[in-house]
Amino acid sequence: MFTGIVEELGEVVAVERLEDASRFRLRGPLVTEGAQHGDSIAVNGVCLTVVEHGDGEFTADVMAETLKRSSLGALGVGSRVNLERPMAVGGRLGGHIVQGHVDGTGTVLDRTPSEHWELVKVGLPAHLARYVVEKGSITVDGVSLTVVEVGDDWFTISLIPTTLDLTTLGIKKSGDPVNLEVDVIAKYVERLLGPNAGENVK
């Protein structure tokens, strides 16, 4: 369980492409502090398992399903990534309930800068549109954010200077992919309301 409050801006230091998977080595001195084999760390909003760790770095295996559903396959050596450790029991829930199970990818469509914040428009896959509502929560590359406005196939988010400085959302350009995780509660409610309502929910 995560909160979508990014702890550290990390970096990909090595990528091993396998036949149907990839192995990433990532640098993140903060999130690896006290890490153990088998621990979870969210990378751009994707929950990954620590396989090896040491010297402020950790290795994680990414299976084909994760590569298909997320933008992790586009990462290369030097790519910056958002990192977050799981929420500690009894800790503050600073963002919203985030599982680290990416529902799909979107695309940065436009950025509108202002003096103290920036409005970012993100393209939204059709199968996720029904879960996104104005003033609701969404996770973009692992960052818990509030939806400002929503259209049929897009939504906007407003980024404060802290988010722009401390996460990858500050350097994403138009056309760049982003990982999206919608509110899991909305998916459960849909599933419970009718036998066919959630037929596209994975």
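**Exercise 1. How many bridges join strand β9 (residues 137–140) to β12, and in which sense do the two strands run, parallel or antiparallel?**

Before the solution, a word on the model: it is predicted, so that local features need pLDDT of at least 70 and side-chain atom pairs count only at pLDDT 80 or more, whereas totals for chains, interfaces and linings use all residues. Residues are numbered from 1 along each chain as its sequence is written, and side-chain values use heavy atoms, with hydrogens and water left out.

Solution. Begin with the terms: helices (H or I, at least four residues) and strands (E, at least two) are DSSP runs numbered from the N terminus, and two strands pair if DSSP finds at least two bridges between them. Strand β9 is joined to β12 by two bridges, and the two run antiparallel. Within β12, Leu180 is the residue that stands opposite Val140. Next, turn to strand β7 (residues 104–113), which four bridges join to β12, again in an antiparallel arrangement; here Thr107 has Pro177 of β12 as its bridge partner. Finally, consider how β12 (residues 177–181) is covered: four of its five residues are buried, where buried means under 20% relative accessible area, exposed over 50%, and partly exposed in between, with a 1.4 Å probe and protein chains only.

**Exercise 2. Describe the pairing of β11 with β8 and with β10.**

Solution. Take β8 as the starting strand: six bridges join β8 to β11, and the two run antiparallel, with Gly123 opposite Trp154 of β11. Then move to β10, which pairs with β11 in the antiparallel sense over three bridges, one partnership being that of Val147 with Ile157 in β11. A hairpin of three residues leads from β10 to β11. As for covering, five of the six residues of β11 are buried.

**Exercise 3. Which residues of helix α3 are buried, and why do they lie on the same side?**

Solution. In helix α3 (residues 184–193), the buried residues are Val184, Lys187 and Glu190. They lie on the same side of α3 because they cover an arc of only 125° around the axis, the arc being that of the directions from the helix axis to the C-beta atoms. On the other side of α3, the residues Tyr188, Leu192 and Leu193 are exposed.

**Exercise 4. What lines the largest cavity and the second largest pocket?**

Solution. On a 1 Å grid over the protein atoms alone, a cavity is a set of points where a 1.4 Å probe fits but cannot get out, while a pocket is an open set with protein on both sides within 12 Å along at least five of seven lines, and lining residues have an atom within 4 Å of a point. Grid points are joined across faces, edges and corners, and a volume is the space filled by probe spheres set on the points.

The largest cavity holds about 40 Å³ of space, and its lining includes Val140, Ile157 and Val178. At least two lining residues come from each of β7, β8 (118–123) and β11.

The second largest pocket has a volume of about 280 Å³. Of its 15 lining residues, Val143, Ser144, Leu145, Ile160 and Thr163 lie nearest its centre. The elements giving two or more residues to this lining are β10 (143–150), β11 (154–159) and α2 (161–166), and the largest share, four residues, comes from β10.
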